[in-house]
Amino acid sequence: MRGIHGLLSRSAVAQGLFSLVNLGLSVFVLMTASKADFGRYTLVLAAVVFFVAIASSLIYLQLPMWRRGEQDQARYFVTLYRLLMRVAWALAMAVAAFAGSAMLLGWITPRAAFMACIGSLLTLAYIRAEFIKQMLYVLEDVAVVVRVNLRLALGVGLGCGSILLSGTEEVLFSVLLVFSLALWVCVAGVGAEQLRTRPAGELRMMAARAWRPGRWALMNALFVWLPSQGYLYLLGAVAGLGTVAEVGAARNFVAPLQVLATSFQQVVLPRLATLGEDAARPANRIRHGVLRALLLIFSGYVMLLYLLLPVAVDTLLAERGYAAFEAYVGLWVLVATLTVYRSNLAVVYQALNRYDLIARLSVAYAIAASLLFAAMIPLWGGSGALLGLALAEGVFVILLRGRLRAEQRLTAWEW
């Protein structure tokens, strides 16, 4: 436990910076591009999250568990890195080839094909940067992650300034390209000691090792992505890009809370992984400490949001067509609260490498969410989507709590 408060503080700073970068980019596109293009930007980021979730399920989440028995740490990291990047490059090339073929066949416009290619580049850069940062979290070099995110913020800021000075009308493409290049550059030289060129070991053996528990983590990632991001595509098809833009804009107001919670989990997961199967009481003590800190931050943030949101809408967003979406922000606060609590419960099973159990529970979560979306989105559009997501998160929380209590990892009076 010694040193965890310092790690949490540095992790909060690191993820706060990363959250500000994402928020700043979204606000920049929101204020400089059309409402439809902001809807497209939201859909592109949802696709990027999909592929990053795959990488996370197969590699990132397993780093803390695998490291415990490794004798050659540098060999271990470089083998995982090469395995991940080979798969990522193959996926990026496949998406680019499919987009080019679809354009030649007349299925999509050249603009859509170009967007798919830039999205592939962004995904590749994002996966690479996330691996290096997750490796640093495992090594508890969180201060280096702070410096990486500072570089990213500086690069994105300079890039957005260049876009404004150039006066380009293609703000969407320019922002995606700037984000991709900044992600690639911000980790240049970081982790060189662990990732320097050397024999990488048996990639097939490492792939098999990743797949055994990873297939369950992958299933969980896919079934969690479907309700949390996939609904945007149904919403776009039913209600249009404008509604997607409004829901995406409202999410920006609560995104810092979600990213902050993720930063805490990245520190907590390696610590819980070292406690072992029978340490339910210490695991809950760590969880409770994190929840108390998050509750305090959530309360202050929501009060500030209540005071400033009307001013932001009236002075900045109304003239761009975002006149009345305060209800979306309120629903996002509810969704974020439930999601953070659900993640705080799930981290116990992640630390135990019990992704098979989480995957089975996430199936019920995805089915409930899909049924709710199908019923509510045609009736209430964006509000229906967020209300359905909140109800589905509540179902997941109930399932996780029930399982934890059944295994006596949580009593009726514990959080």
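What follows is a chat about a predicted model of one protein chain.

Biologist: How many helices and strands does the chain have?
Modeller: In this predicted model, the chain has 14 helices and 0 strands, so-called α elements following one another from the N terminus on.

Biologist: And what percentage of the residues is buried?
Modeller: Of the 415 residues in the chain, 53% are buried. The accessible surface comes to about 18,500 Å², and 67% of that surface belongs to carbon and sulfur atoms.

Biologist: What share of the contacts joins residues 24 or more positions apart?
Modeller: If you take the contacts with a separation of 6 or more, residues 24 or more positions apart account for 83% of them.

Biologist: Switching to pockets, how much space lies in the largest pocket?
Modeller: The largest pocket holds about 510 Å³ of space, and its lining is made up of 24 residues.

Biologist: Which residues lie nearest its centre?
Modeller: Those nearest the centre of the largest pocket are Ala47, Val95, Met115, Ala116 and Gly119. Sorted by class, the lining has 20 nonpolar, 3 polar and 1 charged residues.

Biologist: Which helix gives the largest share of that lining?
Modeller: That is α5, with 8 residues, although α2 (35-58), α4 (73-104) and α5 (110-138) each supply at least two residues of the lining.

Biologist: Let's pick one residue of α5, say Ala113. Is Ala113 buried or exposed?
Modeller: Ala113 counts as buried because its relative accessible area is 5%, and the cut-off for buried is under 20%.

Biologist: What does Ala113 touch?
Modeller: Leaving aside residues up to four places away in sequence, Ala113 touches Ala99, Met103 and Ile108.

Biologist: And how far apart are Ala113 and Val95?
Modeller: Ala113 and Val95 are 18 residues apart in sequence, and in space their C-alpha atoms are 9.6 Å apart. You may recall Val95 from the pocket, where it is among the residues nearest the centre.

Biologist: New topic, then: how many residues does α6 have, and what does it reach from end to end?
Modeller: Helix α6 covers residues 142-166, which is 25 residues, and it reaches 36 Å from its first C-alpha to its last, close to the 36 Å expected at 1.5 Å a residue.

Biologist: Which of its residues are buried?
Modeller: The buried residues of α6 include Val142, Val145, Val146, Val148 and Asn149, and further along the helix Leu152, Val156, Gly159, Cys160 and Ile163. As background, an α-helix has 3.6 residues a turn, so residues three or four places apart point the same way.

Biologist: What follows α6?
Modeller: Gly167 follows α6, and the phi of Gly167 is positive, near 70 degrees.

Conventions: Residues numbered from 1 in each chain as written. Predicted model: local features only at pLDDT ≥ 70, side-chain atom pairs only at ≥ 80, totals over all residues. Heavy atoms only, no water. 1 Å grid on protein atoms, 1.4 Å probe; cavity = no way out; pocket = protein on both sides within 12 Å on 5 of 7 lines; lining within 4 Å. Points joined across faces, edges and corners; volume = space filled by probe spheres on them. Helix = DSSP H or I, 4+ residues; strand = E, 2+ residues; numbered from the N terminus. Nonpolar A, V, L, I, M, F, W, Y, C, P; charged D, E, K, R; others polar. Buried < 20%, exposed > 50% of the residue type's maximum accessible area, 1.4 Å probe, protein only. Contact = heavy atoms within 4.5 Å. Areas by Shrake-Rupley, 256 points an atom, 1.4 Å probe, with all protein chains shown as cover. Expected span 1.5 Å × (residues − 1).
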